[in-house]
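Biologist: Hey, could you walk me through this one? I'd like to get a feel for how the chain is put together.

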Amino acid sequence: LMGWHSTAHLSYLRTVKTLEQLGAHQTTACKAGREDLAYQVEVQREYVPLVVPLMVGNVLFPRLLPWEVKAEHNKVEEARQALLGNPDDMVSEMLHKAAYCNNTLGLSPLASGRSLPYFTPETIRSYLL
């Protein structure tokens, strides 16, 4: 959920404006799964030298500003509600939980309501390091 936000070199606004100028604001995505994290940008070939450093900055140097992290709390809750509202995804989630017995891949990729207050820049940074 924190993909394409502020980095050590660019603010969130500058990142969005750069992607808009390159024509990639509609085709940019960051998806997180149980085993992977994927950043995706679709641009014309001549813009690749501009987009690669932008992606590297987002992956390796996230700024994790407190107000950006706090704004994502609502998105975590929305994602959780979407998961609960989709029976196929819920069955997959329960199968992972049963197969891995709450260990590694059995843990939910989304924070529970109880653990959401611990979703802070400090805890995210300690996880990244």
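**The core and what sits around it**

Biologist: Which residues make up the largest nonpolar core?
Modeller: There are 8 of them: W4, L19, L22, A24, Y39, V41, V51 and L54. A nonpolar core here is a set of buried Ala, Val, Leu, Ile, Met, Phe, Trp, Tyr and Cys residues joined through side-chain atoms within 4.5 Å. Buried means under 20% relative accessible area, for a 1.4 Å probe and protein chains only.

Biologist: Before we go on, where do the numbers come from?
Modeller: This is a predicted model, so local features need pLDDT of at least 70 and side-chain atom pairs count only at pLDDT 80 or more, while totals for chains, interfaces and linings use all residues. Residues are numbered from 1 along each chain as its sequence is written, and side-chain values use heavy atoms, with hydrogens and water left out.

Biologist: OK, what does L54 touch?
Modeller: Leaving out neighbours within four places in sequence, L54 is in contact (heavy atoms within 4.5 Å) with W4, L10, T15, T18 and L19. L54 has a relative accessible area of 6%, so it counts as buried.

Biologist: How far apart are the C-alpha atoms of L54 and W4?
Modeller: They are separated by 8.7 Å, though the two residues are 50 apart along the chain.

Biologist: And where is L54 found?
Modeller: In helix 2. Helices are DSSP runs of H or I with at least four residues, strands are E runs of at least two, and both are numbered from the N terminus. The chain has 5 helices and 2 strands, in the order α-β-β-α-α-α-α.

Biologist: Switching to helix 3, what do its buried residues pack against?
Modeller: Helix 1 (12–21), helix 4 (87–100) and helix 5 (121–128). The buried ones are E68, V69, E72, H73, V76 and L83.

Biologist: Any pockets? Which residues lie nearest the centre of the largest pocket?
Modeller: L1, A32, P109, F119 and Y127, out of 33 lining residues. By class, the lining has 21 nonpolar, 9 polar and 3 charged residues. Nonpolar covers Ala, Val, Leu, Ile, Met, Phe, Trp, Tyr, Cys and Pro, charged is Asp, Glu, Lys and Arg, and the others, Gly among them, are polar. A pocket is an open set of points on a 1 Å grid over the protein atoms alone, where a 1.4 Å probe fits, with protein on both sides within 12 Å along at least five of seven lines; lining residues have an atom within 4 Å of a point.

Biologist: Which helix gives the most to that lining?
Modeller: Helix 5, with 4 residues.

Methods
Buried < 20%, exposed > 50% of the residue type's maximum accessible area, 1.4 Å probe, protein only.
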